[in-house]
Amino acid sequence: MEAVQAQHEDKRPKIVAFLCNWCSYAGADLAGSGRMDYPANLRVIRVPCSGRVDPLFVLKALEQGADAVLVSGCHPGDCHYAKGNYYARRRLTALLELLEFTGVPPHKYRFEWVSASEGKEFAQVIREMVEALNAAEQKAAMAHV
Amino acid sequence: MKGTPLFLPGDRVGSWVGALAGSSTVFGPQVGSSGRPEFALVRDPSAVDLSLDARRASIRELWMPQTEILFRYRLDSQGATLEAVPRPEGSRVAFGIRPCEAAAIRRVTHVFRQGKHPDPLGLEAEGMAIVGLYCASPRRTCFCAQVGSPVDMAEEACDVLMTPISGGHVLHVMTDRGGSLAGVSGAAQATSDQVSAAGAVHAGLITAVPADGAIGALEATALEVWASEVFADQGARCIGCGVCTFLCPACHCFDILDERQGTGGARYRCWDSCQFDHFTLHASRHNPRHDQAARLRQRVLHKFLYMPQEFGVTGCTGCGRCAELCPVGISIRQVVADVRAAMAQEQGVTVA
Amino acid sequence: MSDPDPVPTLRAKARELLEQGTVRAVVGYQSHAESGLPVPAVITRPDQAEALVFNPLCAHNLSRYVQGGAEKPVAVVAKACDTRALVVMMQESHIRREDVFVIAMGCTGIVDAARIDERARAPWRRIEAIRTDGDAVAVETDAGVARLSLTEDLLPRCVACPVPQPVIDDVRLGDFPEAPPGRPDPLAAQVAEIEAMGRDERRRFFSETYNRCIRCYACRNVCPLCFCEKCFADETRPQWVPRSTLGGGNELYHMVRAMHLAGRCIGCGACERACPVGLPLMAVNTKMAQVVDGMFGHVAGVRMDDTPPFAVYRDADPDLPGHGGGKS
């Protein structure tokens with residue numbers, strides 16, 4: 001158990017993922033049960049709806065040392081609560097602008113719509129995020145040589 | 001002015017700072033990264049510029065960093081492991097701070113010397129050598145000469161006082177420690193003309209601060225001034241921010257907190273302010289200082305009633321930062337003056 | 001109708017409101033006892049009305065004093081721009097229209113008090129009088145007269161004054177410009193300047209800015225729209241924002257505050273003026289106002305019947321990158 005914990009602690013880069021219970025969480029589950037291969041850098045925080053995700057959560061996760069943050073919910077029109085993701089969309093698109101304006105590197109955040117049937121797409125999102133993080137790390141390491 | 005007067009030509013300041021920085025950690029006025037004057041650790045002695053007006057920059061950082069880690073810890077299956085964080089070692093010199101600021105720093109040490117167990121924090125302020133710089137003219141909200149005398153404050157607190165005169169500075173060496181600081185300056189004996197020029201600068205500052213606004217410690221009991229309407233009147237516009245206390249060279253309140261990240265963390269000390277609403281908030285949600293009037297009263301009485309009662313000195317030396325930087329123009333000098341006037345009226349006498 | 005000096009009318013109105021018990025307090029400006037600069041004043045007795053002033057140095061947004069537990073109904077002296085903050089508070093049900101009696105004051109721009117130091121011949125301690133004189137303000141100090149231009153010395157937010165007419169008012173005193181002055185906006189120029197930097201440079205700019213923050217919370221406390229009973233920055237369970245100034249706490253505070261003010265900030269600039277260490281706090285606020293206007297067509301506090309932009313949505317809202325707009 002401790003060994004597993006230590007492994008988790010050391011797994012870098014670390015991505016904190018806020019996943020909607022009704023779609024993206026199930027999408028991640030489908031990727032797993034379908035034995036699709038994607039990096040195990042994810043720490044999932046299940047939320048009832050992407051509308052629950054306060055921009056504070058994203059910024060707090062980054063402040064606490066997450067290498068990247070993923071927020072993922074149902075496609076617009078598919079919200080379990082009819083409109084939660086529409087509110088989320090306004091907040092997240094505005095937050096994207098703030099992160100871009102303040103120069104936060106784009107590999108540190110990603111906001112996506114992933115449905116319960118999109119296991120393949122979910123795995124692809126994670127692969128892309130980890131690739132971008134690894135590329136950024138390599139670039140930073142080169143800069144120090 | 002007490003002490004042996006020396007004269008240091010203006011072009012020798014840089015080499016003096018360099019000599020001091022060779023053996024001590026030196027803080028001095030420099031242009032900060034933002035382009036504003038600030039007091040900061042001297043890395044390049046030539047960056048120290050005594051002509052900068054850094055009188056609105058924070059001075060508290062010199063002896064009490066806003067956040068200071070006391071120790072770190074790690075948690076694992078064996079329990080907690082503590083890791084000490086070494087305290088800064090060696091001698092430290094505050095170079096080019098003003099008499100009011102110097103006096104404020106020294107007065108704070110009274111608080112930390114109270115009781116059986118002196119707090120090492122206060123002793124850090126005590127251990128810091130001060131090379132003061134006398135002001136040629138006051139800023140708009142300065143009131144050192146209304147709450148005391150900048151000359152007395154310099155004598156109270158500085159190890160060496162520099163007074164700007166034509167061509168350089170007159171150095172008054174006030175302590176043995178000051179003697180060794182001035183010893184590496186290369187300053188020569190000052191001429192009597194130079195000494196009298198410095199004397200004129202000393203008197204000039206005092207006359208430049210209006211004499212009619214003089215205030216001092218409140219000669220009253222807390223009960224007598226507690227209900228003064230002045231606090232409610234002025235407190236009505238107070239927004240409860242920490243500008244006055246965080247910029248005050250004599251404010252010293254702090255909080256101690258633990259912060260954890262994953263399986264490790266740190267205990268640290270950080271500035272706190274009696275002007276914040278949660279400063280006195282109880283766990284029960286009761287707040288004994290329930291409005292800004294009460295918080296303003298605390299700030300004023302701490303400096304002008306409790307500190308004089310406890311230590312015989314005011315906790316304010318008139319640097320004027322709070323009044324100049326307050327977003328809504330609350331002046332502690334005015335509040336004290338109004339309280340004194342109200343007391344005098346009640347007692348049927350007029351204050352001079 | 002031209003009213004060359006609205007101050008006597010203002011005092012009479014304030015006195016009347018207090019005498020008749022229409023309001024329990026009047027928030028206005030009075031001259032500081034020492035400096036003579038205008039400062040906020042909360043008055044509750046009719047005789048105090050004589051101390052009220054209004055002049056082109058009245059920078060404070062007094063709608064701050066209508067927040068929360070303030071006694072109501074309350075009258076507030078407001079410039080046209082300040083009324084926007086009251087409108088946002090009403091849209092968000094923080095206050096009710098009937099809680100506030102708005103005394104709208106005509107204004108052609110507020111001058112930057114810091115310029116007095118530059119324009120006075122010698123260091124000054126006290127302002128004896130403030131007179132408007134054509135396109136200038138003559139500030140008579142104990143060290144001579146400092147003339148401040150009503151075009152050159154304006155506060156950044158006044159240069160392109162977008163809302164010269166009050167959005168709400170119960171009485172209007174003085175002259176109100178019909179239209180914005182049509183000058184380029186220095187706040188928008190600042191945003192453009194930052195946007196022109198590379199991303200790394202922007203990161204450095206904001207990191208350095210927030211590193212200098214001393215967390216006095218003057219920006220928050222002076223803001224008319226930071227009216228939460230308990231700010232996230234003061235929460236301890238969980239401790240959202242570390243009190244430590246060594247790590248990312250400063251930046252977390254400022255970034256979240258920028259989000260909280262997105263679509264709400266009326267651009268009064270009170271935060272930036274209050275900052276004791278001179279942080280350029282309006283850059284993110286101006287940027288977010290542009291974003292919300294551009295994406296959702298919402299400008300804060302300019303129409304009473306608007307809904308807060310993050311409390312509504314449209315199918316056709318801009319979508320996340322890589323996704324089409326509208327319903328899928």
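**Talking through a three-chain prediction**

Modeller: Val44(A) sits in strand E2 of chain A, which covers residues 42-47. Keep in mind that this is a predicted model.

Colleague: Why does Val44(A) count as partly exposed?

Modeller: Its relative accessibility is 37%. Buried would need a value under 20%, and exposed a value over 50%. The 37% of Val44(A) falls between those two cut-offs, so partly exposed is the label that fits.

Colleague: Which residues is Val44(A) in contact with, leaving aside its neighbours within four places in sequence?

Modeller: Those are Ala17(A), Leu19(A) and Tyr25(A). They earn the word contact because they have heavy atoms within 4.5 Å of Val44(A). As for Gly84(A), it is 40 residues from Val44(A) in sequence, and their C-alpha atoms are 20 Å apart in space.

Colleague: Let's move to chain C. What makes strand E7 of chain C largely enclosed by the rest of the structure?

Modeller: Count its residues: E7(C) runs over residues 136-141, and five of the six are buried. Buried means under 20% relative accessible area, so five of its six residues pass that test. That is why we call the strand largely enclosed.

Colleague: How do you know that E7(C) pairs with strand E6 of chain C?

Modeller: Pairing takes at least two bridges. E6(C), residues 127-133, and E7(C) have six, in the antiparallel sense, so they pair. For instance, Thr132(C) stands opposite Val137(C). The two strands form a hairpin with two residues between them, and Gly134(C) in the turn has a positive phi of about 65°.

Colleague: What about E7(C) and strand E8 of chain C?

Modeller: E8(C) covers residues 144-149, and it too is antiparallel to E7(C), over six bridges. Put that against the required two, and the pair qualifies. Ala136(C) has Ser149(C) in E8(C) as its bridge partner. Here again we have a hairpin, with two residues between the strands.

Colleague: Now chain B. Why is strand E8 of chain B said to be largely enclosed?

Modeller: Five of the six residues in E8(B), residues 160-165, are buried, so the rest of the structure largely encloses it.

Colleague: In which sense do E8(B) and strand E7 of chain B pair?

Modeller: In the parallel sense, over three bridges, with E7(B) spanning residues 129-133. Since two bridges are enough, three make it a pair. Gly132(B) stands opposite Leu161(B) there. On to E9(B), residues 168-173: six bridges join it to E8(B), and these two strands run antiparallel. Leu161(B) turns up here as well, opposite His172(B). E8(B) and E9(B) form a hairpin with two residues between them, where Gly167(B) in the turn has a positive phi of about 90°.

Colleague: How many residues does the contact take from chain C and from chain B?

Modeller: It takes 33 from chain C and 41 from chain B. Together the two chains bury about 3,100 Å², with 52% of that on carbon and sulfur atoms. Glu34(C), Arg125(C) and Arg243(C) supply 23% of the area that chain C buries against chain B, more than any other three residues.

Colleague: What makes the meeting of Asp255(B) and Arg243(C) a salt bridge?

Modeller: Their side chains come to 3.4 Å, N to O. The cut-off is 4 Å between a nitrogen of Lys or Arg and a carboxyl oxygen of Asp or Glu, so this pair counts. Across the interface of chain C and chain B, the rule finds three salt bridges.

Colleague: And how many salt bridges does the rule find across the interface of chain C and chain A?

Modeller: Five. In one salt bridge there, the side chains of Arg89(A) and Asp319(C) meet at 3.7 Å, N to O. That value is within 4 Å, so the name applies.

Colleague: What else can you tell me about chain C and chain A?

Modeller: The contact takes 43 residues from chain C and 33 from chain A. About 3,500 Å² is buried between them, 67% of it on carbon and sulfur atoms. Arg199(C), Tyr313(C) and Leu320(C) supply 19% of the area that chain C buries against chain A, more than any other three residues.

Technical notes: Residues numbered from 1 in each chain as written. Chains lettered and ligands numbered in written order. Predicted model: local features only at pLDDT ≥ 70, side-chain atom pairs only at ≥ 80, totals over all residues. Heavy atoms only, no water. Helix = DSSP H or I, 4+ residues; strand = E, 2+ residues; numbered from the N terminus. Buried < 20%, exposed > 50% of the residue type's maximum accessible area, 1.4 Å probe, protein only. Buried area = accessible area lost by both parts, 1.4 Å probe.
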